[in-house]
Protein chains: 2
Amino acid sequence: MAARNPDKPAARASKAAKKRSAAPRRPGRPSGSASAIDQRNRLIDTALTLFAQQGIADTTLAAIAKAAGVTPAMLHYYFKTREQLLDVLIDERFLPVRKSIEEVFEANADDPAVAIIKLVQRFMSIAEEYPWFASIWMRGVLSERSLLKDRIRERFGDAHQKSAFQCIVRWQAEGRLNADLEPSLVFMSLLGLTMLPLTAVKMWRDDPLRRELGAKEIARHALALLMHGVVSPRPAKKKLEKQVP
Amino acid sequence: MAARNPDKPAARASKAAKKRSAAPRRPGRPSGSASAIDQRNRLIDTALTLFAQQGIADTTLAAIAKAAGVTPAMLHYYFKTREQLLDVLIDERFLPVRKSIEEVFEANADDPAVAIIKLVQRFMSIAEEYPWFASIWMRGVLSERSLLKDRIRERFGDAHQKSAFQCIVRWQAEGRLNADLEPSLVFMSLLGLTMLPLTAVKMWRDDPLRRELGAKEIARHALALLMHGVVSPRPAKKKLEKQVP
DNA sequence: CCGTATATTAATTACCTAGTTAATTAATAT
DNA sequence: ATATTAATTAACTAGGTAATTAATATACGG
């Protein structure tokens, strides 16, 4: 995508402009300054932030470099290629979080209600700690030859998915879970009620109706829906519409 | 995104290779053949298909041309610029569908259950008739400065959204809708339970567990969840786990 | 205090991408 | 028949992108 990207905002790193930004920083190793490992992590964080905001395909190496206040050559220095940057992102940042989700499910395999509640809560705490996670994951769900999906499958197979699936089937057989649900869609539904709105609200910064929505409200809404459905839990006294005028 | 796109599959149009594809088609107006309006529509359809598969940003004009079996100059001939192609897509294809969704909601403003059931069904029939719709919309939801969102807001404001919001609030006040739901998230939840899985299953073509999932199963699942929540509608007789061995 | 390893930029390369134009052929109206 | 209009490709331009290299400046161990 060239020729139509005149000026991304690209939240400039504070550390970038040291003194007078007029003198444009000659080459050479900087004096003192942060260690290389910090710089590397800073680049990873910057990349994750931009990927979450604009999507992976839309984010050029130059944009990441600019947002981090360095030249594109730095990315080559630390990650060699764009592909390898993605590998690093996935291995070092994405997979650990993803794994912690699976654990919640497996740790509560004896009670559907608790498992679901805990899962929703975990989603929320992840969203708070890693603001890039929900967006990047949701984008991955919608991408066919996702940069993520193949690698994730590659790196921890679908054993977790299968066990979760069987767990759901068992719950249904025991009458503890709504038997009309499709087992293979339960997890996707949880995503749709948590990660999806979490991502969406970040894109709504200028919408007056839904300005004050945060993780708390989303969790409350999702749990209310998951536990009781859309209709009122109270048995809905029917002919109450026409009250005294 | 350049330099890493060696060979997209790009389902070649059947009409493209007329006889021996060895002779590479000289310039000039083709004999007989489809009318210009058909050609234009064919290009629009091709673009929508690719946008749905790979996302808008990932799809170059050259890719669209190749998939349609023409040269990139054809796109310039019919649409002048990429931006205008997007405008055409939105105005001629996207907005009418989008509008038909709003209508369903407003036509059933007197009964929440019916409104929601009809809405889910409408989503499913849209997915069947316009396979590109769900994917493109969901991608739009996740994009900050979405190419779509601004234009859509621009073209039919948020009057519909506001009236839907107030409708939900009213239902809650009347005790006919779960009062713990967040009004501004109800529509997003419907998306998350319908459009999201509809899009996702298309990306799962090689997943054995969820191969046979279609619109029918997704609708059934979504309605089951919306009407009763995850727990079993039957009051769940508790101590039935240890039956006779 | 000196050589080597490390961190950084400027400059360059090969390749995409959007958009434009001129040439070419068929259809259509006169 | 002939001129005009429509539809199409090849060839080109200007600018972006990922990746690489050479130069440069600091850190650090002996």
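A crossing of two helices is left-handed if the near helix is turned anticlockwise from the far one by less than a right angle, and right-handed if it is turned clockwise. This is a predicted model, in which local features need pLDDT of at least 70, side-chain atom pairs count only at pLDDT 80 or more, and totals for chains, interfaces and linings use all residues. Residues are numbered from 1 along each chain as its sequence is written, chains are lettered from A and ligands numbered from 1 in the order in which they are written, and side-chain values use heavy atoms, with hydrogens and water left out.

**View 1. Helix 5 and helix 9 of chain B meet in a right-handed crossing.** Helices here are DSSP runs (H or I, at least four residues), as strands are (E, at least two), numbered from the N terminus. Helix 5 of chain B covers residues 112–129 and helix 9 of chain B covers residues 183–193; their axes come within 11 Å and cross at roughly 45°. Helix 5 of chain B is therefore oblique to helix 9 of chain B. Axes are lines fitted to C-alpha atoms, for helices over the stretch in contact, and angles run from 0 to 180 degrees between N-to-C directions. Angles under 35 degrees count as roughly parallel, over 145 as roughly antiparallel, 65 to 115 as roughly perpendicular, and the rest as oblique. Helix 5 of chain B contributes B:Ile116, B:Leu119, B:Val120 and B:Phe123 to the contact, and helix 9 of chain B contributes B:Phe187, B:Leu190 and B:Leu191 (contact means heavy atoms within 4.5 Å). By class, this contact has 7 nonpolar, no polar and no charged residues. Ala, Val, Leu, Ile, Met, Phe, Trp, Tyr, Cys and Pro count as nonpolar, Asp, Glu, Lys and Arg as charged, and the others, Gly among them, as polar.

**View 2. Helix 9 of chain B is largely enclosed by the rest of the structure, because 10 of its 11 residues are buried.** Buried means under 20% relative accessible area, exposed over 50%, and partly exposed in between (1.4 Å probe, protein chains only). Among the buried residues of helix 9 of chain B are B:Pro183, B:Val186, B:Met188, B:Leu190 and B:Leu193. B:Ala164, in helix 8 (residues 159–173) of chain B, is also shown. B:Ala164 is buried at a relative accessible area of 18%. From B:Ala164 to B:Phe187 the C-alpha to C-alpha distance is 8.9 Å, with their positions 23 residues apart in sequence.

**View 3. Helix 8 and helix 9 of chain A are roughly perpendicular to each other.** Helix 8 of chain A (residues 159–173) packs against helix 9 of chain A (residues 183–193) at an angle of about 110°, and the axes are 8 Å apart. On the helix 8 side of chain A, the contact is made by A:Phe165, A:Ile168, A:Val169 and A:Gln172; on the helix 9 side of chain A, by A:Pro183, A:Ser184 and A:Val186. The contact has 5 nonpolar, 2 polar and no charged residues.

**View 4. Helix 2 of chain A is followed by a glycine with positive phi.** In helix 2 of chain A (residues 61–68), the residues A:Ala63, A:Ile64, A:Ala65, A:Ala67 and A:Ala68 are buried. A:Gly69, just after helix 2 of chain A, has a phi of about 75°. As context for this view, chain A has 11 helices and 0 strands, and 46% of its 245 residues count as buried.

**View 5. B:Lys80 has a positive phi although it is not a glycine.** Phi of B:Lys80 is about 70°, and B:Lys80 sits in the loop between helix 3 (72–79) and helix 4 (82–107) of chain B. B:Lys80 counts as exposed, at 51% relative accessibility. In chain A, A:Lys80 has a phi near 70° and lies in the loop between helix 3 (72–79) and helix 4 (82–107) of chain A.

**View 6. B:Thr199, in helix 10 of chain B, has a contact in chain A.** Helix 10 of chain B covers residues 195–202. B:Thr199 is buried, with a relative accessible area of 2%. Not counting residues up to four places away in sequence, B:Thr199 touches A:Leu142, B:Ala134, B:Ser135 and B:Met138.

**View 7. B:Arg155 lies in helix 7 of chain B.** Helix 7 of chain B covers residues 147–156. B:Arg155 counts as partly exposed, at 32% relative accessibility. Leaving aside neighbours within four places in sequence, B:Arg155 is in contact with B:Asp87, B:Asp91 and B:Leu95. B:Arg155 and B:Ile90 are 65 residues apart in sequence and 9.9 Å apart in space, C-alpha to C-alpha.
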